[in-house]
Amino acid sequence: MESSVITGKTRICALIGDPIEHSVSPAMHNAAFRKLGLDCVYVPFRVEAGKLAQAVDGLRALNILGFNVTIPHKVAIIPMLDGLDQLAEKIGAVNTVVNDGGNFRGYNTDANGFLQALLERGIEPKEKEVVVLGAGGASRAISYILAERNAHLTILNRRLELDWAEELAHRIYHDFEKEVRVLELSSECLAAALGGAEILVNATSVGMSPNSQESPVPAELLRSDLVVFDIVNNPVRTRLLKDAQAAGARTIEGVEMLVWQGALAFEKWTGQKAPFDLMRKETIKALEGYED
Ligand code: ATR
């Protein structure tokens, strides 16, 4: 049954972030609600950094079903929640909140969204040499779940002076007793790191529209025995992925992680299995609408 009529019983899911104008999550989730005939809608709200606490109070008062959290609120929201899933606590970032009988509980579905996208392609990161580019919010979730899965990690970041990468490496060492190599994101370090690598993950924003001609990795360093996962999802096929494909490598698009994190959030809010293929189709359609 398909339903798109708002009734007196309609439950609301939201997205809070800034900016959110180009978010494709409303297209993904509303298509899924319609497909399953659920009396729910998903609405984006632009919430400025200084208004987060007010917004969370408002969502509480409105008895919202659940919501997604995006840049710049993924870390700042933590003290405003009533509880945290263990993985979200370890990563130190929340992208999904569930209203559990009036208690707001935070989760991080970015991490498992990334892992599911890999596993779905038959790629098991356990004991593999994995190079992760970037040490920001996305990299934290990805690196943490990879370490938990027992991958061997090298993290390369542009600005080592910020200590983000070192801090991430220490946290992983503390939790899993796993050494993480931290290097500068330069051509020389990339060449050294990629030498023995099996999986390369771009968790920087390099290559994102409107800079879609840029790639974080010189094409000549890409090889046919690499799996290349680019979390940039706009454009859907980034320059890095095109170069990797030309080198004969297997490629995974960022849209896969985007849809998996959405599907995992959907299942937490509704208790129902997410219609994954439809969500992927609607997400790609919406992303292609934004491409330059
Ligand atoms: P997100 O939540 O999407 O991860 P973020 O926390 O702002 O966003 O992190 C962005 C990542 O992309 C960082 O690792 C950033 O590197 P710095 O720590 O040096 O800023 C990386 N990044 C962004 N632009 C970059 C560029 N032009 N070259 C290399 N790295 C870049």
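**Salt bridges and two sheets**

Okay, let's start with one residue: Asp-277 counts as exposed, at 56% relative accessibility. For that scale, buried means under 20% relative accessible area, exposed over 50%, and partly exposed in between, with a 1.4 Å probe and protein chains only. Before I go on, this is a predicted model, where local features need pLDDT of at least 70 and side-chain atom pairs count only at pLDDT 80 or more, while totals for chains, interfaces and linings use all residues. Residues are numbered from 1 along each chain as its sequence is written, and side-chain values use heavy atoms, with hydrogens and water left out.

So, who does Asp-277 pair with? Asp-277 makes a salt bridge with Arg-280, and the closest N and O atoms are 3.7 Å apart. By salt bridge I mean a side-chain nitrogen of Lys or Arg within 4 Å of a carboxyl oxygen of Asp or Glu. Both residues sit in helix α10 (residues 276-290), three residues apart, about one turn of the helix. Helices (H or I, at least four residues) and strands (E, at least two) are DSSP runs here, numbered from the N terminus. And this pair has company: bridges with shared partners tie Glu-120, Arg-121, Glu-256, Asp-277 and Arg-280 into one network.

As a reminder, side chains of opposite charge can pair when their charged atoms come close. How many salt bridges turn up in the whole structure? The search finds 16.

Another one of them joins Arg-60 and Asp-82, with 2.9 Å between the closest N and O atoms. That pair links distant parts of the chain: Arg-60 is in helix α2 (residues 52-61), Asp-82 is in the loop between β3 (66-69) and β4 (83-84), and they're 22 residues apart. Arg-60 is partly exposed at 27%, and Asp-82 is partly exposed too, at 44%.

Then there's Arg-237 with Glu-253, closest N and O atoms 3.3 Å apart. Again distant parts of the chain are linked, with the two positions 16 residues apart: Arg-237 is in the loop between β11 (227-230) and α8 (239-246), and Glu-253 in the loop between β12 (250-252) and α9 (254-270). Arg-237 is partly exposed at 24%, but Glu-253 is buried at 18%.

On to the sheets. Six strands make an open, mixed sheet in the order β2-β1-β3-β5-β6-β4; two strands pair if DSSP finds at least two bridges between them. β2 (40-46) and β4 are the edge strands, each with a single partner, so one side of each has no neighbour in the sheet. β4 runs parallel to β6 (residues 103-107), joined by two bridges, and Gly-83 stands opposite Arg-105 in β6.

Look at β3 in the middle of this. β3 pairs with β1 in the parallel sense over four bridges, and with β5 in the antiparallel sense over three. Gly-66 is a handy marker, being the bridge partner of Cys-13 and standing opposite Val-98 in β5. Gly-66 and Asn-68 point one way from β3, Phe-67 and Val-69 point the other way, and all are buried.

Staying on β5 (residues 96-100), that strand holds Asn-99. Asn-99 is buried at 14% relative accessibility. The Asn-99 side chain has a 2.9 Å polar contact with the side chain of Asn-63. Here a polar contact is a pair of N or O atoms within 3.5 Å; within protein, one must be able to donate a hydrogen and the other to accept it, and residues adjacent in sequence count only if both atoms are side-chain atoms.

What about disulfides? There are zero, a disulfide being a pair of cysteine sulfur atoms within 2.5 Å. For Cys-40, the nearest cysteine sulfur is that of Cys-13, 5.9 Å away. Cys-40 is buried at 13%.

Last stop, the other sheet. This open sheet of six strands goes β9-β8-β7-β10-β11-β12, with parallel pairing. β9 (181-184) and β12 are at the edges with a single partner strand each, so one side of each lacks a neighbour in the sheet. Within it, β7 (residues 129-133) and β8 (residues 152-157) run parallel and are joined by five bridges, with Val-132 partnered by Ile-155 in β8.
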